[in-house]
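Here are some exercises to work through with the structure in view. Try each task yourself before you read its solution.

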Number of protein chains: 2
Amino acid sequence: MTAASTHSALTDSMLAAVETELRKHVGRFDSPATRPFHEMLAYHLGWATSADEAASPGKRIRPLLLLLTNAACGGEWQHALPAAAAFELIHNFSLVHDDIQDASETRRGRVTVWRRWGAPMAINVGDALFVLSSSAILDLGEHHAADIVVEAARVLHDGTLEITRGQYLDLAYEDRADLAIEEYWTMIAGKTAALLAASARLGALLAGVEPAVQELYRLFAHHLGLAFQVQDDILGIWGDEALTGKSTASDLVARKKSLPILLGLEKGEGFAKRWAEGSITEAEAPRVAEMLAADGARERADSAGREQMQKAMDHLARAGAVNEAGQELGRLARALVDRKA
Amino acid sequence: MTAASTHSALTDSMLAAVETELRKHVGRFDSPATRPFHEMLAYHLGWATSADEAASPGKRIRPLLLLLTNAACGGEWQHALPAAAAFELIHNFSLVHDDIQDASETRRGRVTVWRRWGAPMAINVGDALFVLSSSAILDLGEHHAADIVVEAARVLHDGTLEITRGQYLDLAYEDRADLAIEEYWTMIAGKTAALLAASARLGALLAGVEPAVQELYRLFAHHLGLAFQVQDDILGIWGDEALTGKSTASDLVARKKSLPILLGLEKGEGFAKRWAEGSITEAEAPRVAEMLAADGARERADSAGREQMQKAMDHLARAGAVNEAGQELGRLARALVDRKA
């Protein structure tokens, strides 16, 4: 089951409006001199950029979280669209740079920007998405007071700062033979959960609800983000290549410090011994993935993910939204964690 | 003569205050888990990061332009410090990424961030400087109304958007055999002049002067930026290695599409013939630089730079600042264009 299969009419309206909003911002590069650059941005955002190329958009999770939270809190979600676009743009900035940093070959079934246009150009594509995000959030001024716009920009930039902090830890951890499970949680709280948490919090803030309620939505999305990353880690080892668009067990080959791998190392049995012997080839990866599962790492990771998901849903319940958007938030959360790709 | 030799007490006060402001923002990464990352930012900003390493800061041109313009317009420059820091941070973001994109080995006499810590980490250092910049500008709210803060953020982000546009052109031009002088000016207007122009304009805006006066300062800095880049291009071929910290004639070896080179190609004589024969070694570069000068390219570039400088000073004169800060702006401009490094 993908997130798409759970879409309500409300979610569909939001998704369509988000694309329109994104196209408006990205369109700032659509002038004769920079048209090829505009194509690169459009390509990364998953839009069809020429007749022979199918669209392949992302899930737009952050915009949906922001807009649904806004609507769940009684806000007019259309007025929050610049913020929704800003979060999607900054998320995509981080993906473009992350793909260079990790030397990833594909994303969403397409070759990555750096593989197609080279790392120097891809760095600039990411930078352009960043600046479009910083600009987009200011467009909130059309429907919100200037002091709210400044507060919104701060929420966005604080979330982005957490991403760069998490990214530093991720890069620094590559050279670490020993890594505590605790350090893993700190890293993914920055790299993955911070932006989701900020999206939901900002949705609530723009609806004008009190800080205590904003905090409940923030915690809902924070724990959802942790559960989401754990699921991502599981798919990175045991995912179906046809669905994920990545080669099976790719995280083993890349020696990524993901949760199942850390749990396997902690266990210190078959998998840990094989890991210590050095790099794992693609051909060998499925067998090593089985060893890791046999050491109980898949089960323990599943359980850790479920625990985070439970915390997320508890906070959502405490926030007490009973309208359609509130229901839809719960469905979105479950779809994200149940996904196979 | 360097910019340093023309410093007045006012400029010295501003420079000291800018460093304090910068340290405050960069200090957000100075926590135990990210301390090594904080060191990388500090290193790039030119601060001494350990006992055996001398400080090597940049010229802080954008902060000075912003603060001096603000003071020239009667503003309280201390209240503009968050904006001054934001412009210096975004400038340094672009330098860190530019060094990766151009594979530059040294900057300000030190090895570049990517050479020292690798490209993946350097991408993240640049990203962190970007987000610190976006956050810093919001701190204007301490002394300015929220609608001014939003306007200031827009000026900053629009300037940054021009940088990414210019950077795209710069990268795209690498593969172009034919490049018109006109296209060169468009590229450096984005890459170099846009941020200087935005700095000066924002200094005026924060002082509360009318838009027509803001525009005069913007044009002053725009033309100064063009003159500055032309001087940079001249130093990139005929500069003194001991002063610039870069190897002599390095732009010839890198086959950079700088103004003197484009002028030499346009001339179609000795230099153009040598260029067409293919890459130039470091050993050969001084002789090729002489050929380029013999073809009149140095003289023509000098003249184009002087013309831009004249336009800059004309706009500054029309802005009509007569106080100390206004005088200092003129001195700063002349020092930048007369520099040898």
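**Exercise 1.** Is A:Arg108 buried, partly exposed or exposed? Keep in mind that you are looking at a predicted model.

*Solution.* Start by counting neighbours: A:Arg108 has 16 other C-beta atoms within 10 Å. A buried residue needs 20 or more, and an exposed one has 12 or fewer. The count for A:Arg108 falls in between, so this residue is partly exposed. Next, find its place in the chain: A:Arg108 sits in the loop that joins β1 (106-107) to β2 (110-111) of chain A. Finally, look at the backbone: phi of A:Arg108 is positive, about 50 degrees, although the residue is not a glycine.

**Exercise 2.** Now repeat those steps for A:Arg255.

*Solution.* A:Arg255 has 13 C-beta neighbours inside 10 Å and counts as partly exposed. Its loop lies between α11 (250-253) and α12 (259-267) of chain A. Phi of A:Arg255 is positive too, near 55 degrees, and this residue is not a glycine either.

**Exercise 3.** Find the buried residues of helix α14 (residues 285-294) of chain B, and work out how they are arranged around the helix.

*Solution.* First, list them: B:Val288, B:Ala289 and B:Leu292. Then look down the axis of α14(B): the buried residues fall within an arc of 105 degrees, so they line one face of the helix. A general rule helps here: an α-helix has 3.6 residues a turn, so residues three or four places apart point the same way. Next, ask what lies over these residues. Their cover includes α9 (211-238), α11 (250-253), α12 (259-267), α13 (270-276) and α15 (297-319) of chain B. Last, step just past the end of α14(B), where B:Gly296 has a positive phi of about 85 degrees.

**Exercise 4.** Describe how the two chains are related and how they meet.

*Solution.* Begin with the superposition: a turn of 180 degrees and a shift of 0.0 Å along the axis lay chain B on chain A with an RMSD of 0.0 Å. The two copies are therefore related as by a two-fold rotation axis. In chain B, the C-alpha nearest this axis belongs to B:Ala146, at 2.6 Å.

Now turn to the contact, which takes 37 residues from chain B and 37 residues from chain A. On the chain B side, α2 (35-44), α4 (81-101), α6 (119-138) and α7 (146-173) each supply at least two residues. The largest share, 16 residues, comes from α7(B). Sorted by type, the chain B side has 20 nonpolar, 12 polar and five charged residues. One more step: 100% of the interface residues of chain B are also interface residues in chain A, so the copies meet through the same surface.

**Exercise 5.** Which residues touch the most other members of the largest nonpolar core?

*Solution.* This core has 225 residues, and those touching the most other members are A:Ala83, A:Ala152, B:Ala83 and B:Ala152. Helix α8 (residues 181-207) of chain B gives the core its largest share, 15 residues. Now zoom in on A:Ala83: leaving out residues up to four places away in sequence, it touches A:Leu66, A:Ile137, A:Leu140, A:Ala152, A:Leu202 and A:Leu206.

**Exercise 6.** Check how confident the prediction is.

*Solution.* For the whole model, the scores are ipTM 0.93 and pTM 0.94. Chain A averages a pLDDT of 93, with 96% of the residues scoring at least 70. Residues 1-5 of chain A, however, have a pLDDT below 50, and this stretch has nine contacts in the model beyond near neighbours in sequence.

Technical notes
Residues are numbered from 1 along each chain as its sequence is written. Chains are lettered from A and ligands numbered from 1 in the order in which they are written. This is a predicted model: local features need pLDDT of at least 70, side-chain atom pairs count only at pLDDT 80 or more; totals for chains, interfaces and linings use all residues. A nonpolar core is a set of buried Ala, Val, Leu, Ile, Met, Phe, Trp, Tyr and Cys residues joined through C-beta atoms within 7 Å. Helices (H or I, at least four residues) and strands (E, at least two) are DSSP runs, numbered from the N terminus. Two residues are in contact if their C-beta atoms, placed from the backbone, lie within 7 Å. pLDDT is the predictor's confidence in each residue, from 0 to 100. Copies are superposed by least squares on the C-alpha atoms of residues with pLDDT of at least 70 in both. Ala, Val, Leu, Ile, Met, Phe, Trp, Tyr, Cys and Pro count as nonpolar, Asp, Glu, Lys and Arg as charged, and the others, Gly among them, as polar. The arc is that of the directions from the helix axis to the C-beta atoms.
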